[in-house]
Amino acid sequence: MQQDANTAGPQTLLAVRDLDVSFGGTPVLHGISLTLRRGERVAIVGQSGSGKSTTVAAVLRLLPGSGRITGGSIDLDGEDLASAPEARMRGIRGSRIGLVPQDPMSNLNPAMKVGAQIADALVSNGRPGVTQNNREEFKRRAVELMAEAGIPDAERRYGQYPHEFSGGMRQRVLIAVALAGDPELLIADEPTSALDVTVQRQILNHLQKLVEARGTTLLFITHDLGLAADRTDRIIVMADGRIVEEGTPRHILLDPQQDYTKTLVAAAPSVSAALSPEDTSAAAQPEEHAPVPVVEVRRLVKEFKLRGQRGQVVSALRDVSFTVAQGTTTAVVGESGSGKTTVARILLGLETPTGGEALVGGESISASRGPERRRLRRMVQPVFQDPYGSLDPTFSIERLIDEPLRIFGIGDRASRRSRVAELLDQVALPRSIAQRRPNELSGGQRQRVAIARALAPEPELLICDEAVSALDVLVQDQILSLLADLQDRLGLTYLFITHDLAVVRQIAHKVVVMKSGEVIESGTADQVFLAPRQDYTSELLSAIPGAAFAR
(Lines give C-alpha, C1' and ligand atoms only; values in the text may rest on other atoms or scores of the structure.)
Protein backbone atom coordinates (compact mmCIF):
# COMPACT_ATOMS: atom_id res chain seq x y z
CA MET A 1 0.00 0.00 0.00
CA GLN A 2 1.40 3.37 -1.01
CA GLN A 3 1.43 6.02 1.69
CA ASP A 4 -0.80 9.07 1.10
CA ALA A 5 1.68 11.91 0.67
CA ASN A 6 -1.18 14.41 0.94
CA THR A 7 -1.37 13.69 4.68
CA ALA A 8 1.95 15.53 5.18
CA GLY A 9 1.91 17.43 8.48
CA PRO A 10 4.24 19.72 10.41
CA GLN A 11 6.64 16.81 11.09
CA THR A 12 6.98 16.08 7.37
CA LEU A 13 10.27 17.16 5.83
CA LEU A 14 9.83 15.76 2.31
CA ALA A 15 6.58 15.00 0.48
CA VAL A 16 6.74 13.63 -3.06
CA ARG A 17 3.30 13.68 -4.74
CA ASP A 18 2.32 11.95 -7.99
CA LEU A 19 5.83 12.29 -9.44
CA ASP A 20 6.23 11.38 -13.12
CA VAL A 21 9.62 11.29 -14.89
CA SER A 22 10.37 10.61 -18.55
CA PHE A 23 13.56 10.07 -20.54
CA GLY A 24 13.33 11.19 -24.14
CA GLY A 25 9.56 11.11 -23.90
CA THR A 26 9.47 7.57 -22.45
CA PRO A 27 7.86 7.44 -18.97
CA VAL A 28 10.08 5.77 -16.34
CA LEU A 29 8.47 6.90 -13.04
CA HIS A 30 4.71 6.65 -12.67
CA GLY A 31 2.90 8.60 -9.95
CA ILE A 32 5.45 8.21 -7.15
CA SER A 33 4.14 9.47 -3.80
CA LEU A 34 6.02 9.19 -0.51
CA THR A 35 6.73 11.20 2.65
CA LEU A 36 9.68 11.41 5.03
CA ARG A 37 9.16 12.71 8.53
CA ARG A 38 11.86 14.63 10.37
CA GLY A 39 14.39 12.26 11.90
CA GLU A 40 12.89 9.23 10.14
CA ARG A 41 14.98 6.56 8.41
CA VAL A 42 13.36 5.23 5.23
CA ALA A 43 14.70 2.74 2.66
CA ILE A 44 13.75 2.44 -1.00
CA VAL A 45 14.48 -1.07 -2.27
CA GLY A 46 14.12 -2.78 -5.62
CA GLN A 47 16.15 -4.45 -8.33
CA SER A 48 18.21 -2.55 -10.89
CA GLY A 49 15.91 -0.55 -13.14
CA SER A 50 13.12 -0.31 -10.56
CA GLY A 51 13.38 3.48 -10.45
CA LYS A 52 14.84 4.00 -6.98
CA SER A 53 17.94 5.95 -8.10
CA THR A 54 15.86 7.90 -10.64
CA THR A 55 13.58 8.98 -7.78
CA VAL A 56 16.62 10.28 -5.88
CA ALA A 57 17.95 12.06 -8.98
CA ALA A 58 14.55 13.72 -9.43
CA VAL A 59 14.50 14.92 -5.81
CA LEU A 60 17.98 16.40 -6.30
CA ARG A 61 17.00 17.71 -9.76
CA LEU A 62 20.01 15.91 -11.21
CA LEU A 63 18.31 13.75 -13.84
CA PRO A 64 20.85 12.85 -16.53
CA GLY A 65 20.56 13.46 -20.26
CA SER A 66 17.00 13.75 -21.53
CA GLY A 67 15.44 13.05 -18.11
CA ARG A 68 12.57 15.39 -17.26
CA ILE A 69 10.02 15.74 -14.45
CA THR A 70 6.71 15.64 -16.32
CA GLY A 71 4.26 15.74 -13.45
CA GLY A 72 3.79 15.97 -9.70
CA SER A 73 5.58 17.90 -6.96
CA ILE A 74 8.56 17.50 -4.60
CA ASP A 75 7.82 19.45 -1.43
CA LEU A 76 10.82 20.09 0.83
CA ASP A 77 9.48 21.76 3.97
CA GLY A 78 7.00 23.85 1.98
CA GLU A 79 9.14 24.53 -1.11
CA ASP A 80 8.43 22.73 -4.42
CA LEU A 81 11.76 21.49 -5.79
CA ALA A 82 10.14 20.24 -9.00
CA SER A 83 9.64 23.82 -10.19
CA ALA A 84 12.50 25.58 -8.35
CA PRO A 85 15.00 27.48 -10.52
CA GLU A 86 18.41 25.83 -10.96
CA ALA A 87 20.09 28.66 -9.04
CA ARG A 88 17.89 27.85 -6.06
CA MET A 89 18.65 24.12 -6.35
CA ARG A 90 22.38 24.85 -6.17
CA GLY A 91 21.72 26.43 -2.79
CA ILE A 92 19.68 23.42 -1.61
CA ARG A 93 22.02 20.62 -2.72
CA GLY A 94 24.58 20.03 0.00
CA SER A 95 23.19 22.57 2.48
CA ARG A 96 19.69 21.09 2.89
CA ILE A 97 19.99 17.73 1.07
CA GLY A 98 23.24 15.80 1.33
CA LEU A 99 24.20 12.80 -0.82
CA VAL A 100 26.45 9.83 -0.02
CA PRO A 101 26.96 8.15 -3.43
CA GLN A 102 27.87 4.54 -4.15
CA ASP A 103 31.38 4.54 -5.61
CA PRO A 104 33.96 6.67 -3.78
CA MET A 105 36.63 6.30 -6.46
CA SER A 106 34.40 7.81 -9.16
CA ASN A 107 33.01 10.47 -6.81
CA LEU A 108 36.31 11.67 -5.36
CA ASN A 109 38.83 13.61 -7.45
CA PRO A 110 41.93 11.34 -7.60
CA ALA A 111 44.21 14.35 -8.22
CA MET A 112 42.97 16.33 -5.21
CA LYS A 113 43.73 15.77 -1.52
CA VAL A 114 40.75 14.52 0.43
CA GLY A 115 40.85 17.34 2.96
CA ALA A 116 40.67 19.93 0.20
CA GLN A 117 37.63 18.14 -1.26
CA ILE A 118 35.82 18.34 2.09
CA ALA A 119 36.88 21.97 2.46
CA ASP A 120 35.47 22.69 -1.01
CA ALA A 121 32.13 21.28 0.15
CA LEU A 122 32.23 23.60 3.18
CA VAL A 123 32.90 26.64 1.00
CA SER A 124 30.26 25.77 -1.63
CA ASN A 125 27.65 25.17 1.09
CA GLY A 126 28.38 28.56 2.66
CA ARG A 127 29.05 27.40 6.19
CA PRO A 128 29.22 30.39 8.58
CA GLY A 129 32.77 31.66 9.12
CA VAL A 130 34.16 29.36 6.41
CA THR A 131 35.32 31.24 3.31
CA GLN A 132 38.00 30.94 0.67
CA ASN A 133 39.89 33.67 2.58
CA ASN A 134 39.75 31.78 5.85
CA ARG A 135 41.79 28.70 4.98
CA GLU A 136 42.74 27.81 8.56
CA GLU A 137 39.09 27.79 9.60
CA PHE A 138 37.92 25.54 6.78
CA LYS A 139 40.86 23.19 7.34
CA ARG A 140 39.98 22.98 11.04
CA ARG A 141 36.33 22.24 10.23
CA ALA A 142 37.26 19.71 7.52
CA VAL A 143 39.49 17.84 9.99
CA GLU A 144 36.60 17.86 12.49
CA LEU A 145 34.29 16.36 9.86
CA MET A 146 36.83 13.67 8.96
CA ALA A 147 37.15 12.72 12.63
CA GLU A 148 33.35 12.80 13.02
CA ALA A 149 33.04 10.43 10.04
CA GLY A 150 35.36 7.98 11.82
CA ILE A 151 38.67 8.63 10.03
CA PRO A 152 41.54 8.14 12.53
CA ASP A 153 44.47 10.58 12.66
CA ALA A 154 42.36 13.02 10.63
CA GLU A 155 44.79 15.93 10.72
CA ARG A 156 47.55 13.90 9.08
CA ARG A 157 45.20 12.23 6.59
CA TYR A 158 43.75 15.61 5.56
CA GLY A 159 46.71 15.95 3.16
CA GLN A 160 46.44 12.46 1.59
CA TYR A 161 44.94 11.46 -1.77
CA PRO A 162 41.99 9.05 -2.27
CA HIS A 163 44.23 6.19 -3.46
CA GLU A 164 45.98 6.24 -0.07
CA PHE A 165 42.71 5.30 1.67
CA SER A 166 41.00 1.90 1.89
CA GLY A 167 37.53 1.46 0.37
CA GLY A 168 35.89 1.88 3.77
CA MET A 169 37.89 5.01 4.57
CA ARG A 170 37.06 6.52 1.15
CA GLN A 171 33.38 5.95 1.94
CA ARG A 172 33.88 7.82 5.21
CA VAL A 173 35.35 10.73 3.23
CA LEU A 174 32.14 10.83 1.16
CA ILE A 175 30.12 10.87 4.39
CA ALA A 176 32.20 13.83 5.62
CA VAL A 177 31.57 15.65 2.30
CA ALA A 178 27.83 14.97 2.58
CA LEU A 179 27.70 16.25 6.16
CA ALA A 180 29.72 19.38 5.40
CA GLY A 181 26.54 21.38 4.72
CA ASP A 182 24.79 20.05 7.87
CA PRO A 183 21.81 18.92 5.73
CA GLU A 184 18.31 18.21 7.03
CA LEU A 185 17.96 15.24 4.65
CA LEU A 186 20.76 12.79 3.90
CA ILE A 187 20.37 10.46 0.90
CA ALA A 188 22.63 7.38 0.98
CA ASP A 189 22.57 5.70 -2.45
CA GLU A 190 23.99 2.14 -2.13
CA PRO A 191 26.73 3.56 0.15
CA THR A 192 28.31 0.23 1.15
CA SER A 193 27.53 -2.19 -1.70
CA ALA A 194 31.22 -2.64 -2.59
CA LEU A 195 32.39 -3.22 1.01
CA ASP A 196 32.74 -6.45 2.97
CA VAL A 197 30.19 -7.15 5.69
CA THR A 198 32.24 -6.08 8.72
CA VAL A 199 33.39 -2.80 7.15
CA GLN A 200 29.82 -2.27 5.92
CA ARG A 201 28.54 -2.68 9.48
CA GLN A 202 31.15 -0.25 10.86
CA ILE A 203 30.29 2.40 8.26
CA LEU A 204 26.52 2.07 8.72
CA ASN A 205 26.76 1.98 12.53
CA HIS A 206 28.73 5.21 12.41
CA LEU A 207 26.39 6.81 9.88
CA GLN A 208 23.41 5.87 12.05
CA LYS A 209 24.99 7.50 15.12
CA LEU A 210 25.72 10.66 13.13
CA VAL A 211 22.20 11.08 11.76
CA GLU A 212 20.66 10.34 15.18
CA ALA A 213 22.93 12.87 16.90
CA ARG A 214 22.09 15.53 14.31
CA GLY A 215 18.39 14.66 14.02
CA THR A 216 18.93 14.17 10.28
CA THR A 217 16.34 12.44 8.10
CA LEU A 218 17.85 9.48 6.21
CA LEU A 219 16.72 8.15 2.82
CA PHE A 220 18.57 4.88 2.19
CA ILE A 221 18.67 3.44 -1.35
CA THR A 222 19.61 -0.25 -1.61
CA HIS A 223 18.86 -3.54 -3.35
CA ASP A 224 19.63 -5.43 -0.12
CA LEU A 225 16.41 -6.10 1.79
CA GLY A 226 18.30 -7.38 4.82
CA LEU A 227 20.31 -4.17 5.04
CA ALA A 228 17.16 -2.06 4.69
CA ALA A 229 15.44 -4.06 7.45
CA ASP A 230 18.37 -3.62 9.83
CA ARG A 231 18.85 0.08 9.26
CA THR A 232 15.52 1.81 8.69
CA ASP A 233 12.09 2.43 10.24
CA ARG A 234 10.13 1.96 7.01
CA ILE A 235 10.75 0.22 3.66
CA ILE A 236 9.34 1.35 0.30
CA VAL A 237 9.48 -1.33 -2.41
CA MET A 238 9.73 -0.18 -6.05
CA ALA A 239 9.33 -2.08 -9.33
CA ASP A 240 9.07 -0.81 -12.90
CA GLY A 241 8.97 2.84 -11.82
CA ARG A 242 6.15 2.37 -9.30
CA ILE A 243 5.82 1.92 -5.56
CA VAL A 244 4.32 -1.55 -5.08
CA GLU A 245 4.38 -1.87 -1.30
CA GLU A 246 5.58 -0.19 1.86
CA GLY A 247 5.62 -0.90 5.55
CA THR A 248 7.80 -1.64 8.56
CA PRO A 249 10.78 -3.98 8.08
CA ARG A 250 8.94 -6.75 9.93
CA HIS A 251 5.88 -6.34 7.71
CA ILE A 252 7.89 -6.36 4.47
CA LEU A 253 10.14 -9.31 5.36
CA LEU A 254 7.73 -11.51 7.29
CA ASP A 255 4.34 -10.67 5.80
CA PRO A 256 4.80 -9.26 2.26
CA GLN A 257 1.54 -8.67 0.40
CA GLN A 258 2.64 -8.20 -3.21
CA ASP A 259 4.05 -10.93 -5.46
CA TYR A 260 7.07 -8.78 -6.40
CA THR A 261 7.94 -8.20 -2.73
CA LYS A 262 7.56 -11.91 -2.05
CA THR A 263 9.99 -12.61 -4.90
CA LEU A 264 12.51 -10.12 -3.48
CA VAL A 265 12.26 -11.66 -0.02
CA ALA A 266 12.63 -15.19 -1.40
CA ALA A 267 15.73 -14.20 -3.38
CA ALA A 268 17.41 -12.34 -0.48
CA PRO A 269 20.36 -14.32 0.90
CA SER A 270 19.76 -15.16 4.55
CA VAL A 271 21.74 -16.86 7.25
CA SER A 272 18.75 -19.19 7.74
CA ALA A 273 19.07 -20.61 4.24
CA ALA A 274 20.04 -24.26 4.61
CA LEU A 275 21.69 -26.60 2.19
CA SER A 276 19.48 -29.42 0.99
CA PRO A 277 20.25 -32.91 2.32
CA GLU A 278 21.86 -33.78 -1.00
CA ASP A 279 24.16 -30.77 -0.70
CA THR A 280 25.12 -31.42 2.91
CA SER A 281 25.96 -35.06 2.22
CA ALA A 282 28.41 -33.97 -0.46
CA ALA A 283 29.93 -31.39 1.87
CA ALA A 284 30.23 -33.78 4.77
CA GLN A 285 32.15 -36.53 2.99
CA PRO A 286 35.43 -37.20 4.80
CA GLU A 287 38.22 -35.88 2.63
CA GLU A 288 40.32 -38.99 3.07
CA HIS A 289 37.64 -41.01 1.25
CA ALA A 290 37.10 -38.42 -1.48
CA PRO A 291 38.70 -38.65 -4.93
CA VAL A 292 41.92 -36.77 -5.66
CA PRO A 293 41.11 -33.09 -5.03
CA VAL A 294 40.94 -30.77 -8.02
CA VAL A 295 42.75 -28.12 -5.95
CA GLU A 296 45.40 -28.58 -3.27
CA VAL A 297 46.85 -25.51 -1.58
CA ARG A 298 49.84 -26.55 0.53
CA ARG A 299 51.44 -24.20 3.08
CA LEU A 300 51.16 -21.27 0.69
CA VAL A 301 53.19 -18.15 1.49
CA LYS A 302 53.19 -14.90 -0.46
CA GLU A 303 55.21 -11.80 0.36
CA PHE A 304 55.24 -8.51 -1.52
CA LYS A 305 58.21 -6.15 -1.45
CA LEU A 306 57.45 -2.59 -0.39
CA ARG A 307 58.51 -0.03 -2.94
CA GLY A 308 61.24 2.30 -1.79
CA GLN A 309 61.87 0.31 1.40
CA ARG A 310 64.83 -1.99 0.87
CA GLY A 311 64.33 -5.41 2.38
CA GLN A 312 60.85 -4.60 3.70
CA VAL A 313 58.01 -6.97 2.79
CA VAL A 314 54.34 -7.35 3.59
CA SER A 315 52.96 -10.87 4.11
CA ALA A 316 49.79 -11.46 2.11
CA LEU A 317 49.63 -15.22 2.80
CA ARG A 318 51.02 -17.19 5.74
CA ASP A 319 51.04 -21.00 5.62
CA VAL A 320 47.67 -21.34 3.84
CA SER A 321 46.43 -24.89 3.21
CA PHE A 322 43.11 -26.32 1.99
CA THR A 323 41.68 -28.63 -0.67
CA VAL A 324 38.73 -28.46 -3.08
CA ALA A 325 37.01 -31.75 -3.92
CA GLN A 326 35.84 -32.45 -7.46
CA GLY A 327 32.29 -31.34 -8.26
CA THR A 328 31.92 -29.26 -5.09
CA THR A 329 31.97 -25.55 -4.19
CA THR A 330 34.49 -24.24 -1.69
CA ALA A 331 34.01 -20.65 -0.53
CA VAL A 332 36.99 -18.65 0.68
CA VAL A 333 35.68 -15.82 2.83
CA GLY A 334 37.11 -12.95 4.81
CA GLU A 335 37.38 -9.19 4.99
CA SER A 336 39.21 -7.08 2.42
CA GLY A 337 42.93 -7.69 2.87
CA SER A 338 42.48 -11.22 4.25
CA GLY A 339 44.40 -12.77 1.34
CA LYS A 340 41.58 -14.57 -0.42
CA THR A 341 42.10 -12.86 -3.81
CA THR A 342 45.87 -13.49 -3.61
CA VAL A 343 45.10 -17.23 -3.35
CA ALA A 344 42.90 -16.96 -6.45
CA ARG A 345 45.61 -15.10 -8.41
CA ILE A 346 48.17 -17.79 -7.56
CA LEU A 347 45.80 -20.54 -8.73
CA LEU A 348 45.24 -18.61 -11.96
CA GLY A 349 49.01 -18.34 -12.50
CA LEU A 350 48.92 -14.54 -12.15
CA GLU A 351 51.13 -14.52 -9.03
CA THR A 352 54.05 -16.74 -7.98
CA PRO A 353 54.08 -17.94 -4.36
CA THR A 354 57.03 -17.10 -2.12
CA GLY A 355 56.71 -20.50 -0.48
CA GLY A 356 54.52 -23.60 -0.57
CA GLU A 357 52.64 -24.69 -3.67
CA ALA A 358 49.25 -24.65 -5.35
CA LEU A 359 48.26 -27.74 -7.33
CA VAL A 360 45.46 -28.24 -9.83
CA GLY A 361 44.79 -31.84 -10.81
CA GLY A 362 47.94 -32.83 -8.91
CA GLU A 363 50.19 -30.50 -10.95
CA SER A 364 51.95 -27.42 -9.54
CA ILE A 365 50.85 -24.16 -11.17
CA SER A 366 54.06 -22.26 -10.39
CA ALA A 367 56.42 -25.12 -11.32
CA SER A 368 54.76 -25.87 -14.66
CA ARG A 369 56.28 -24.66 -17.92
CA GLY A 370 55.46 -24.65 -21.64
CA PRO A 371 52.68 -27.01 -22.80
CA GLU A 372 51.99 -28.21 -19.25
CA ARG A 373 51.41 -24.67 -17.99
CA ARG A 374 49.15 -23.99 -20.96
CA ARG A 375 47.14 -27.13 -20.17
CA LEU A 376 46.75 -26.11 -16.51
CA ARG A 377 45.62 -22.62 -17.49
CA ARG A 378 42.97 -24.15 -19.68
CA MET A 379 41.78 -26.23 -16.71
CA VAL A 380 41.29 -23.15 -14.50
CA GLN A 381 39.14 -20.24 -15.68
CA PRO A 382 38.06 -17.06 -13.85
CA VAL A 383 34.73 -15.27 -13.49
CA PHE A 384 35.43 -11.79 -12.12
CA GLN A 385 33.31 -9.33 -10.11
CA ASP A 386 32.68 -6.69 -12.77
CA PRO A 387 31.64 -8.20 -16.12
CA TYR A 388 31.79 -4.82 -17.85
CA GLY A 389 35.39 -4.33 -16.71
CA SER A 390 36.44 -7.87 -17.66
CA LEU A 391 34.81 -7.92 -21.13
CA ASP A 392 36.32 -5.89 -23.97
CA PRO A 393 33.59 -3.36 -24.85
CA THR A 394 34.69 -3.26 -28.51
CA PHE A 395 34.17 -7.01 -29.05
CA SER A 396 30.91 -8.67 -30.04
CA ILE A 397 29.50 -11.27 -27.63
CA GLU A 398 30.41 -14.00 -30.13
CA ARG A 399 34.02 -12.83 -30.30
CA LEU A 400 34.28 -12.56 -26.51
CA ILE A 401 33.12 -16.15 -25.99
CA ASP A 402 35.13 -17.40 -28.97
CA GLU A 403 38.40 -15.79 -27.81
CA PRO A 404 39.49 -18.55 -25.34
CA LEU A 405 38.84 -21.16 -28.04
CA ARG A 406 41.14 -19.31 -30.44
CA ILE A 407 43.79 -18.75 -27.75
CA PHE A 408 43.91 -22.46 -26.90
CA GLY A 409 43.67 -23.51 -30.56
CA ILE A 410 40.38 -25.35 -30.12
CA GLY A 411 38.48 -26.19 -33.35
CA ASP A 412 38.07 -24.33 -36.62
CA ARG A 413 35.91 -21.28 -37.34
CA ALA A 414 32.74 -23.30 -37.99
CA SER A 415 33.07 -25.52 -34.92
CA ARG A 416 33.88 -22.51 -32.73
CA ARG A 417 30.77 -20.70 -33.95
CA SER A 418 28.72 -23.79 -33.12
CA ARG A 419 30.37 -23.96 -29.69
CA VAL A 420 29.51 -20.29 -28.99
CA ALA A 421 25.84 -21.00 -29.80
CA GLU A 422 25.92 -24.02 -27.48
CA LEU A 423 27.46 -21.94 -24.68
CA LEU A 424 24.82 -19.23 -25.04
CA ASP A 425 22.21 -21.96 -24.64
CA GLN A 426 23.98 -23.28 -21.52
CA VAL A 427 23.90 -19.89 -19.77
CA ALA A 428 20.28 -19.22 -20.86
CA LEU A 429 21.02 -16.36 -23.25
CA PRO A 430 19.34 -16.03 -26.65
CA ARG A 431 21.61 -16.78 -29.62
CA SER A 432 20.39 -13.53 -31.15
CA ILE A 433 22.69 -11.49 -28.87
CA ALA A 434 25.85 -12.94 -30.47
CA GLN A 435 26.53 -9.82 -32.56
CA ARG A 436 25.74 -7.32 -29.80
CA ARG A 437 28.27 -5.50 -27.61
CA PRO A 438 28.54 -5.70 -23.78
CA ASN A 439 27.09 -2.21 -23.30
CA GLU A 440 23.87 -3.39 -24.95
CA LEU A 441 23.29 -5.98 -22.21
CA SER A 442 22.16 -5.75 -18.61
CA GLY A 443 24.56 -6.50 -15.74
CA GLY A 444 23.12 -9.98 -15.28
CA GLN A 445 23.38 -10.75 -19.00
CA ARG A 446 26.98 -9.56 -19.06
CA GLN A 447 27.82 -11.88 -16.15
CA ARG A 448 26.22 -14.78 -18.06
CA VAL A 449 28.50 -13.91 -21.00
CA ALA A 450 31.49 -13.95 -18.62
CA ILE A 451 30.44 -17.42 -17.41
CA ALA A 452 29.99 -18.67 -21.00
CA ARG A 453 33.46 -17.35 -21.87
CA ALA A 454 34.95 -19.12 -18.83
CA LEU A 455 33.22 -22.39 -19.82
CA ALA A 456 34.40 -22.22 -23.45
CA PRO A 457 37.67 -24.20 -23.06
CA GLU A 458 35.88 -26.85 -20.91
CA PRO A 459 37.73 -26.19 -17.62
CA GLU A 460 37.54 -28.38 -14.53
CA LEU A 461 37.68 -25.46 -12.10
CA LEU A 462 35.98 -22.06 -12.14
CA ILE A 463 37.36 -19.41 -9.80
CA CYS A 464 34.53 -16.97 -9.09
CA ASP A 465 36.02 -13.83 -7.53
CA GLU A 466 33.14 -11.80 -6.03
CA ALA A 467 31.18 -12.94 -9.10
CA VAL A 468 27.75 -11.79 -7.84
CA SER A 469 28.58 -8.95 -5.44
CA ALA A 470 27.88 -6.22 -8.01
CA LEU A 471 24.41 -7.58 -8.91
CA ASP A 472 21.04 -6.81 -7.38
CA VAL A 473 19.38 -9.52 -5.33
CA LEU A 474 17.08 -10.96 -8.03
CA VAL A 475 19.83 -11.11 -10.70
CA GLN A 476 22.23 -12.48 -8.08
CA ASP A 477 19.76 -15.26 -7.31
CA GLN A 478 19.45 -16.08 -11.03
CA ILE A 479 23.25 -16.29 -11.49
CA LEU A 480 23.69 -18.47 -8.39
CA SER A 481 20.95 -20.80 -9.66
CA LEU A 482 22.68 -20.93 -13.05
CA LEU A 483 26.02 -21.83 -11.44
CA ALA A 484 24.38 -24.58 -9.38
CA ASP A 485 22.66 -25.97 -12.50
CA LEU A 486 25.92 -25.93 -14.48
CA GLN A 487 27.70 -27.72 -11.64
CA ASP A 488 25.06 -30.45 -11.64
CA ARG A 489 25.08 -30.88 -15.42
CA LEU A 490 28.80 -30.49 -16.15
CA GLY A 491 30.41 -31.69 -12.92
CA LEU A 492 32.18 -28.38 -12.43
CA THR A 493 34.26 -27.50 -9.39
CA TYR A 494 34.02 -23.97 -7.97
CA LEU A 495 36.33 -21.90 -5.80
CA PHE A 496 34.11 -19.02 -4.72
CA ILE A 497 35.96 -15.95 -3.41
CA THR A 498 33.61 -13.63 -1.56
CA HIS A 499 33.02 -11.36 1.44
CA ASP A 500 29.28 -12.10 1.43
CA LEU A 501 28.56 -14.88 3.90
CA ALA A 502 24.84 -14.86 3.16
CA VAL A 503 25.63 -15.93 -0.41
CA VAL A 504 28.10 -18.52 0.88
CA ARG A 505 25.35 -20.15 2.92
CA GLN A 506 23.34 -20.67 -0.26
CA ILE A 507 26.00 -22.21 -2.48
CA ALA A 508 29.00 -23.64 -0.60
CA HIS A 509 29.70 -27.22 0.45
CA LYS A 510 32.88 -26.19 2.28
CA VAL A 511 33.94 -22.86 3.78
CA VAL A 512 37.48 -21.58 4.37
CA VAL A 513 37.68 -18.50 6.60
CA MET A 514 40.73 -16.27 6.16
CA LYS A 515 42.04 -13.39 8.25
CA SER A 516 45.26 -11.42 7.76
CA GLY A 517 46.66 -13.97 5.30
CA GLU A 518 45.91 -17.06 7.39
CA VAL A 519 43.23 -19.77 7.42
CA ILE A 520 41.66 -19.50 10.86
CA GLU A 521 38.77 -21.92 10.36
CA SER A 522 37.40 -24.35 7.77
CA GLY A 523 34.71 -26.97 7.55
CA THR A 524 31.39 -27.78 5.93
CA ALA A 525 28.95 -24.90 5.53
CA ASP A 526 26.83 -26.28 8.41
CA GLN A 527 29.85 -26.58 10.71
CA VAL A 528 31.03 -23.02 10.07
CA PHE A 529 27.60 -21.36 10.13
CA LEU A 530 25.95 -23.30 12.95
CA ALA A 531 28.94 -23.93 15.22
CA PRO A 532 31.76 -21.44 14.45
CA ARG A 533 34.89 -22.11 16.49
CA GLN A 534 36.55 -18.70 16.16
CA ASP A 535 35.35 -15.33 17.46
CA TYR A 536 36.27 -13.75 14.13
CA THR A 537 33.95 -16.15 12.27
CA SER A 538 31.15 -15.36 14.73
CA GLU A 539 31.75 -11.64 14.12
CA LEU A 540 31.50 -12.14 10.35
CA LEU A 541 28.25 -14.09 10.78
CA SER A 542 26.73 -11.49 13.10
CA ALA A 543 27.42 -8.80 10.46
CA ILE A 544 25.15 -10.48 7.87
CA PRO A 545 22.28 -8.03 7.20
CA GLY A 546 18.75 -9.18 7.97
CA ALA A 547 19.71 -12.15 10.16
CA ALA A 548 17.38 -10.91 12.91
CA PHE A 549 14.42 -11.28 10.52
CA ALA A 550 15.35 -14.76 9.27
CA ARG A 551 12.49 -17.20 9.54
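This passage describes the cores, a covered helix and a stretch of parallel sheet in a predicted model.

Two nonpolar cores were examined. The largest has 55 residues. Within this core, Ile-451, Phe-496 and Val-511 have the most contacts. The surroundings of Phe-496 draw on several parts of the chain. With neighbours within four places in sequence left aside, Phe-496 is in contact with Thr-329, Thr-330, Ala-331 and Val-332. Phe-496 also touches Cys-464, Val-468, Leu-480, Leu-483, Val-503 and Ile-507. Apart from this core lies another, of 54 residues. Among its members are Leu-218, Ile-252, Leu-253 and Leu-264. In soluble globular proteins, nonpolar side chains tend to be buried together.

The strands around S17 come next. Strand S17 spans residues 461–465, and 5 of its 5 residues are buried. In a regular strand, side chains alternate between the two faces of the sheet. In S17, one side carries Leu-461, Ile-463 and Asp-465. The other side carries Leu-462 and Cys-464. Both faces are covered. Cys-464 is also among the contacts of Phe-496.

S17 pairs with two strands. Strand S16 (residues 380–383) pairs with S17 in the parallel sense, over 4 bridges. Here Val-380 has Leu-461 of S17 as its bridge partner. Strand S18 (residues 493–498) also pairs with S17 in the parallel sense, over 5 bridges. On this side, the bridge partner of Leu-461 is Thr-493 in S18. Between S17 and S18 the chain passes through helix H19, residues 473–490. This β-α-β crossover is right-handed.

Helix H1 covers residues 52–59 and is mostly covered, with 6 of its 8 residues buried. The buried set comprises Lys-52, Thr-55, Val-56, Ala-57, Ala-58 and Val-59. Arg-61 follows H1 and has a positive phi, near 55°.

Leu-34 sits in strand S2, which runs over residues 26–37. Leu-34 counts as buried because its relative accessibility is 2%, and the cut-off for buried is under 20%. Leu-34 and Val-473 are 439 residues apart in sequence. In space, their C-alpha atoms are 23 Å apart.

Conventions
Residues are numbered from 1 along each chain as its sequence is written. This is a predicted model: local features need pLDDT of at least 70, side-chain atom pairs count only at pLDDT 80 or more; totals for chains, interfaces and linings use all residues. Side-chain values use heavy atoms; hydrogens and water are left out. A nonpolar core is a set of buried Ala, Val, Leu, Ile, Met, Phe, Trp, Tyr and Cys residues joined through side-chain atoms within 4.5 Å. Buried means under 20% relative accessible area, exposed over 50%, partly exposed in between (1.4 Å probe, protein chains only). Contact means heavy atoms within 4.5 Å. Two strands pair if DSSP finds at least two bridges between them. A crossover is right-handed if, with the strands pointing away from the viewer, the path from the first strand over the helix to the second runs clockwise.
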